[in-house]
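Student: I would like a close look at one part of this model: the place where the ligand is held. Please start there, then describe the sheets and the backbone details that go with the rest of the chain.

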Amino acid sequence: MPRGDWHRTLEAKVRSGGRLALEEGLALYAEPDLAWLGGLANLRREQAFGNQTTYVVNLHLNYTNLCVGSCLFCAFARRPGEPGAYEMTLEEMVERIGTLRGVPGAEVHIVGGLHPKHPYRFYPDLLEALHRADPGVHLKAFTAVEIEHFAGLAGRSVEWVLEDLKAHGLGSMPGGGAEVLVERIHRKLHPTKIGPDRWLEIHACAHRLGIPTSATMLAGHIEMPAERLEHMDRLRQAQDRSGGFLAFIPLRFHPGNTRLAGLPLMSDEQVLRDLAIGRLMLDNIPHVKAYWVMSGLQAAVRAQWFGADDLDGTVVEERITHMAGCLSPAGLAEENLRRLILEAGRQPVRRDALYRPLEPLPVEDEASCASTS
Ligand code: SF4
């Protein structure tokens, strides 16, 4: 089919809410007109969200980088005693979330390494201490990889662990650890941690228990476009069954200080292509998030015209990507985050951890906008 006809067919399909086939998604990876692709994704984005871009006031707690894992793409993990190894105490973490006190809709994003010594009880105790310190803050905690590790520590099922963590304050789960949901990538890059089937099973279990989650895709290493599509297809099928994914978050791999350090950093154009194709293929996942820490600030501005309806977040203070040489700031004051959205010509709207808009803000909250970093 001539390209103009193909463009018009896809535009009509997107306008009418039709589902794109995998071959169409694959062809979009070869589409030379990136601006047209962005426009196509923007059609779907604006159908649902108009001109608004949401963001959350959040804090990343990367509580330790001690890890028994050994993933080729990881610059974060350390063995005990290695230079750069650290772990935070409960008291330090409780003190950190004090910075969010009284901020409506605030979220703590808690992710760490697979600690070699902590017993299972450490994790529910951590959630309980944070919840007690500020019951108003939403606790988004632990990737599927950590949940599997905890189940091993407890000698219990994943379902039991998730129910227990929920009873201690777990509000939702982040989408990390998916990498690319393809067995070849699992075998080559992270054979010692869970693979695609188990990652999907754990998220399905969380959804059954009423714990919403996100889904990431770590791209820009050894994966092929067809494998990115396979990843999206597996997520789309899982979401058809459970409906529990709130957001899709494509991540740009940063090779610095990893065992893949010879690879080039993926271009901004590829970052935007992943966002746009994610928006178009994942028609059943409501939000597509641009994670500015990994995309970079300029790509995050452009992302809002390539399908992204959400910008994550104030973040203060991210460590995982920064240990891979990422040059973005470790956090943004809320006023600067709002500026990135305005710079894109979009309307900033603060949301809570479950993507519910909180604006218009009460007057006293506007006054506290810049107080989180
Ligand atoms: S990616 Fe996670 S599990 Fe793998 S080595 Fe790094 S911290 Fe450990």
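Tutor: To sort the surroundings of the ligand, Ala, Val, Leu, Ile, Met, Phe, Trp, Tyr, Cys and Pro count as nonpolar, Asp, Glu, Lys and Arg as charged, and the others, Gly among them, as polar. The model is predicted. Its ligand is surrounded by Cys67, Gly69, Ser70, Cys71, Phe73, Cys74, Ala77 and Lys193. By class, this shell divides into five nonpolar residues, two polar and one charged. Because Cys counts as nonpolar, Cys67, Cys71 and Cys74 go with Phe73 and Ala77 in the nonpolar class. Gly69 and Ser70 are the polar members, and Lys193 is the charged one. As for location, the ligand sits in the largest pocket.

Next, the sheets. One open sheet has four strands in the order S2-S3-S4-S5, with parallel pairing. Its edge strands are S2 (58–61) and S5 (170–172), each of which pairs on one side only. From one strand to the next, the twist averages 40°. Between S2 and S3 (residues 107–110), the parallel pairing runs over four bridges. Within that pair, histidine 60 has histidine 109 of S3 as its bridge partner. Helix H5 (residues 122–133) lies across S2, S3, S4 (138–141) and S5, and runs at about 155° to S4.

S4 also leads to a backbone detail. Phenylalanine 142 is placed in the loop between S4 and helix H6 (144–154). Its phi is near 70°, a positive value in a residue other than glycine. Most residues other than glycine have a negative phi, and most peptide bonds are trans.

The other open sheet to look at has six strands, ordered S6-S7-S8-S9-S1-S10, and its pairing is parallel. Here the edge strands are S6 (213–219) and S10 (347–350), each pairing on one side only. The twist in this sheet averages 30° from one strand to the next. S6 pairs with S7 (residues 245–252) in the parallel sense over seven bridges. Threonine 213 stands opposite phenylalanine 245 in S7. Helix H9 (residues 196–208) packs on the sheet, where it touches S6 and S7, and its direction makes about 160° with that of S6.

A further backbone detail belongs to S9 of this sheet. Aspartate 312 and glycine 313 are joined by a cis peptide bond, with omega about -5°. Glycine 313 is found in the loop between S9 (310–312) and helix H14 (334–343).

Definitions and conventions
Residues are numbered from 1 along each chain as its sequence is written. This is a predicted model: local features need pLDDT of at least 70, side-chain atom pairs count only at pLDDT 80 or more; totals for chains, interfaces and linings use all residues. Side-chain values use heavy atoms; hydrogens and water are left out. Two strands pair if DSSP finds at least two bridges between them. Helices (H or I, at least four residues) and strands (E, at least two) are DSSP runs, numbered from the N terminus. Axes are lines fitted to C-alpha atoms, for helices over the stretch in contact, and angles run from 0 to 180 degrees between N-to-C directions. Contact means heavy atoms within 4.5 Å. A residue is near a molecule or strand if one of its heavy atoms lies within 4 Å of it. On a 1 Å grid over the protein atoms alone, a cavity is a set of points where a 1.4 Å probe fits but cannot get out, and a pocket is an open set with protein on both sides within 12 Å along at least five of seven lines; lining residues have an atom within 4 Å of a point. A molecule sits in a cavity or pocket if more than half of its atoms lie within 2 Å of its grid points.
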